[in-house]
Amino acid sequence: MLELPNFTTLDINSLSDQERERIQSLQSLRKRGVEPYGYSFDRTHSSGAARALFNDGDIEAKPIASVAGRITGVRRMGKASFVHIQDEEGKLQLYFKSDELGEGYETLKLLDMGDIIGVTGFIFRTRTGEISLHTQSFEVLAKALKPLPVVKEEIDESTGEKIIHDAFSDKELRYRRRYIDLIANPHIRDTFRKRSKIITTIRRFFDERGYLEVETPVLQPLYGGAYARPFVTHHNALDFDLYLRIADELYLKRLIVGGLAEGVYEISKDFRNEGMDKNHSPEFTMAEIYIAYKDYNWMMDFVEQMFAEVARAVTGGDMKFTQKNGVVVDFTPPYRRLTMYDSIKEFTGIDVSEMDEAALRETAKKLDIHIDANAGSGKIIDELFSEKVEANLIQPTFITDYPLSMSPLAKNHRTKPGLVERFELMVNGQELANAFSELNDPLDQRARFEEQSKLRARGDDEAMVLDEDFLRALETGMPPTAGLGFGIDRLVMIMTGEESIRDVVLFPAMRPEK
């Protein structure tokens, strides 16, 4: 009869038959003197490195390897068994022979799919041609009490392609139980390895140019640097509210004022209390960099160089990425440059550059675009662009020269009144990066913050708040500066061909399970 230790509150009746059998196997292992949760294992080779030891030209050699991994397949044949284990590099077949392992072979009978073992033996090639490890000894490293989803594979004889049946494919379960997703769907690991390579390459690109990585507050007394609603939390000891940052911008600019370095950057988690869809998540990863004595024209060239280098690192050569819909995105420079007004005119046939708020509202109405009653001119233009232009911008395109009302932190355009020196990089129908010639006139910045306050009074809860300490920093004097922010998650989506931000975040935000 199955008995659980008296210190656990686990209800036996809540367990499935498989779970009960696994606990019984665990107890049997302990009765045999086998500890089912090992402390360590001296692994000498990965699965791939172990296979590479075999030399077809010297079949007499028996190279020794110690490998470890999770059991993903078992084929018992009486006095011999074949077991597949999986590690970070893939799968390796193990051969177990009863007359060589003795009591150890009885221990093998108590192991299940999902258990983790460490094995030492020699590498050889089986009669069927598979390079395998002939087991001389093994250890149980972790007994899995939950069964894994069974993934069945077969080869299509007509095409030679692998067909997978019964894969762990339920999207919601995959996001909630990413650990199972990574085990059952090893190709998912490639997405997150590419994500790591992307971030590493970006960091190296910045570091090699002498820019300094810094850390700024996540909890802020005032939030700013973007149009967004914040998450609010409360500091019990000090008894006041704080906000999770929506951007790093205002603190990074303070460091430029202080002269910490010519360029400072941060790769960080930001938080916005907004809707969720395939392109938006309440928690996301941003990279922001601010470089003194540069402007947005210089920054466009910088961005082209950076994304080209990241693309080469991911692909190992070219800069092209195929999306799920078959579209190929090419990061090869140079990228097209198009002003905001020209882009709207190109895709609607309407010139909005001289329109006031009333005319913009009428234009939006004609184009069947809903506009909130509290929206100002900038918000209306932004909606026109979002609804009629964005989806058409598949290849990397710089949209430049935004209306002043849309960009309270950007410097006035040096030759075009009413505009600012700003660009957004659009790729695959969405914004990937945002950059300014940063506003460094403290009086102008104060006036713009005051305009934002008026928008908030009208009901725009995404308008920026006035930050006196940031204004004090600008009054101290900030050199001409170029600033850039871009979303890591969206970049990973494009460079892995994924369609949802949840597919490139290891543990995406989810509603609580019922």
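Okay, quick one to start: which residue stands opposite Leu219 in β11? Hold that thought for a moment while I set the scene.

What you have on screen is a predicted model, so please keep that in mind throughout. We're looking at a protein chain of 514 residues, and buried residues make up 48% of them. The C-alpha trace spans about 90 × 55 × 50 Å along its principal axes. In terms of secondary structure, the chain has 15 helices and 20 strands. And if you take the contacts with a separation of 6 or more, 63% of them come from residues 24 or more positions apart.

Right, back to the opening question. The residue facing Leu219 is Leu244, over in β11. Leu219 belongs to β9, which covers 219–220, and β9 is joined to β11, residues 240–244, by 2 bridges, with the two strands running antiparallel. Those strands sit in an open sheet of 3 strands, ordered β9-β11-β10, and the pairing there is antiparallel. So who's at the edges? That would be β9 and β10, the latter being 232–235; each has a single partner strand, so one side of each has no neighbour in the sheet.

Now for the sheet with 8 strands. Reading across, the order is β8-β12-β13-β20-β19-β18-β17-β16; it's an open sheet too, and the pairing is mixed. Here the edge strands are β8, at 212–213, and β16, at 336–339; again, each has a single partner strand, so one side of each is left without a neighbour in the sheet. If you zoom in on the β16 end, β16 pairs with β17, residues 397–403, in the parallel sense over 4 bridges. One pair to click on there: Arg336 stands opposite Thr397 of β17.

What packs on this sheet? One helix that does is α9, residues 296–315, which touches β13, β16, β17, β18, β19 and β20. Its direction makes about 15 degrees with that of β18. Then there's α15, residues 488–496, which also packs on the sheet, touching β13, β18, β19 and β20. The direction of α15 makes about 135 degrees with that of β19.

Next, a pair of helices. Find α8, residues 249–258, and α14, residues 468–476: their axes come within 9 Å and cross at roughly 25 degrees. Anything under 35 degrees counts as roughly parallel, so that's what we call α8 and α14. The crossing of α8 past α14 is left-handed. Which residues make the contact? From α8 you've got Leu250, Lys253, Arg254 and Val257, and from α14 there are Asp469, Phe470, Ala473 and Thr476. Sort the residues of that contact by type and you get 4 nonpolar, 1 polar and 3 charged.

Last stop, further back along the sequence: β3, β4 and β5. Strand β4, residues 116–125, is joined to β5 by 10 bridges, and these two run antiparallel. Arg125 stands opposite Ile131 of β5. Together β4 and β5 form a hairpin with 5 residues between them. In the turn, look for Gly129, which has a positive phi of about 95 degrees. And β5, residues 131–142, is joined to β3 as well: residues 90–97 make up β3, and 3 bridges link the two, running parallel this time. The bridge partner of Leu94 in β5 is Leu133.

That's my tour. Shout if you'd like to go back to any of those spots.

Terms used
Residues numbered from 1 in each chain as written. Predicted model: local features only at pLDDT ≥ 70, side-chain atom pairs only at ≥ 80, totals over all residues. Heavy atoms only, no water. Pairing = 2+ DSSP bridges. Axes fitted to C-alpha atoms, helices over the stretch in contact; angles between N-to-C directions. Parallel < 35°, antiparallel > 145°, perpendicular 65-115°, else oblique. Left-handed = near helix turned anticlockwise from the far one by under 90°. Contact = heavy atoms within 4.5 Å. Nonpolar A, V, L, I, M, F, W, Y, C, P; charged D, E, K, R; others polar. Buried < 20%, exposed > 50% of the residue type's maximum accessible area, 1.4 Å probe, protein only.
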